[in-house]
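Okay, thanks for having me, everyone. I'll put the structure up and then we'll walk through it together.

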Amino acid sequence: MSQDVKIEGTKTRKEIAQAIGHKCLVSRRNFLIGAGVTTTIMITLNPGTPQAQDVPAQITEYPRKFVAKLSDLKQDVPFDFNYPDEGEYSENMIVKMGVRAGGGVGPEQDVVAFNYACTHQGGALDDTYKADTKSLGACPLHLSTYDLTRHGILISGQAYQSLPQILLELDGDDIYATGIFGLIYGRKDNLQG
Ligand code: FES
């Protein structure tokens with residue numbers, strides 16, 4: 001699917017991303033290997049000057065996927081789902097933690113979702129949620145543990161990257177996944193398919 005969108009007065013990747021919301025700008029290389037929905041937008045370089053020029057740019061949109069109903073989530077009971085596809089390392093969890101968290105949705109901003117693949121060497125973090133510390137881990141391979149209240153930052157262990165956080169959107173009682181903050185282990189692009 002493609003469409004043309006004209007955005008006046010924007011020229012940096014960050015500005016374009018802000019203008020279009022939860023969409024991921026990609027490089028030419030990523031566009032070539034990407035499998036997500038692509039859109040062509042026109043951006044204006046040097047607006048208001050004699051050098052003003054409209055140029056095309058490619059963006060890739062994450063799929064918007066229904067994950068769960070807010071009313072069905074029980075505190076500190078994770079619910080598993082796949083995102084952004086059904087491929088390797090696409091397993092994630094969503095959990096209502098009962099405490100406010102970075103990126104949390106819901107009235108208490110306490111509902112978050114994270115990928116299960118440890119960023120160190122891909123150890124499976126399934127069934128390692130700890131309600132007392134609101135963390136995932138310890139990883140069964142080398143004990144990395146991640147803080148789910150602070151965007152999956154590493155608490156301890158061998159990893160040096162935060163756990164990828166699934167971006168969520170609440171629409172009434174429905175919770176949707178709309179993107180990913182961070183790179184899933186083992187992938188060069190989250191949308192490689
Ligand atoms: S794979 Fe998880 S700490 Fe090494």
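I'll go from the whole chain to the core, then a sheet, and then some loops.

Two bits of housekeeping first. What you see is a predicted model, so to read it properly: local features need pLDDT of at least 70, side-chain atom pairs count only at pLDDT 80 or more, and totals for chains, interfaces and linings use all residues. Residues are numbered from 1 along each chain as its sequence is written.

Okay, the overview. The chain's secondary structure comes to two helices and 14 strands. Those are DSSP runs, numbered from the N terminus: helices are H or I with at least four residues, and strands are E with at least two. There are 193 residues in the chain, and 30% of them are buried. Buried here says that 20 or more other C-beta atoms lie within 10 Å of the residue's own; exposed is 12 or fewer, partly exposed is in between, and the C-beta atoms are placed from the backbone.

Next, contacts. Two residues are in contact if their C-beta atoms, again placed from the backbone, lie within 7 Å. If you take the contacts with a separation of 6 or more, 47% of them are between residues 24 or more positions apart.

So, what's in the middle? A nonpolar core, by the rule used here, is a set of buried Ala, Val, Leu, Ile, Met, Phe, Trp, Tyr and Cys residues joined through C-beta atoms within 7 Å. The largest one has 32 residues, and Val-112, Ala-113 and Phe-114 have the most contacts inside it. Strand 7 (91-96), strand 8 (111-115), strand 13 (165-171) and strand 14 (174-181) each give two or more residues to this core. Strand 8 has the largest share, with four residues.

Which residues does Ala-113 touch? Leaving out residues up to four places away in sequence, Ala-113 touches Val-67, Asn-92, Met-93, Ile-94, Ile-166, Leu-168 and Ala-177.

Stay on strand 8 for a second, since Asn-115 is found there too. Asn-115 counts as buried because 25 other C-beta atoms lie within 10 Å. Its contacts, again skipping residues up to four places away, include Tyr-89, Asn-92, Leu-163 and Ile-184. In sequence, Asn-115 and Asp-126 are eleven residues apart; in space, their C-alpha atoms are 9.4 Å apart.

On to the sheet. Four strands form an open sheet in the order 9-10-11-12, with antiparallel pairing. Two strands pair if DSSP finds at least two bridges between them. At the edges sit strand 9 (129-130) and strand 12, each pairing on one side only. As a reminder, strands of a sheet pair through backbone hydrogen bonds, either parallel or antiparallel.

Zoom in on one pair: strand 11 (residues 145-147) and strand 12 (residues 153-156) run antiparallel and are joined by three bridges. Asp-147, for instance, has Ile-153 as its bridge partner in strand 12. Five residues lie between the strands of this hairpin, and His-151 there takes a positive phi near 60 degrees, although it's not a glycine. Is His-151 buried or exposed? Neither, quite: His-151 is partly exposed, because it has 18 other C-beta atoms within 10 Å.

Now the loop between strand 6 (79-82) and strand 7, which holds Pro-84. The peptide bond from Tyr-83 to Pro-84 is cis, with omega near 0 degrees. Tyr-89 is in that loop as well, and it's another residue other than glycine with a positive phi, near 60 degrees. Tyr-89 counts as partly exposed because it has 18 C-beta neighbours inside 10 Å.

Ser-90 also lies in the loop between strand 6 and strand 7. With residues up to four places away left out, Ser-90 touches Asn-82, Tyr-83, Pro-84 and Asp-85. Remember Asn-115? Ser-90 is 25 residues from Asn-115 in sequence, but 7.1 Å from it in space, C-alpha to C-alpha.

One last loop for the peptide-bond fans: Gly-137 and Ala-138 are joined by a cis peptide bond, with omega about 0 degrees. Ala-138 is in the loop between strand 10 (135-136) and strand 11.

That's me done, happy to go back to any of it.
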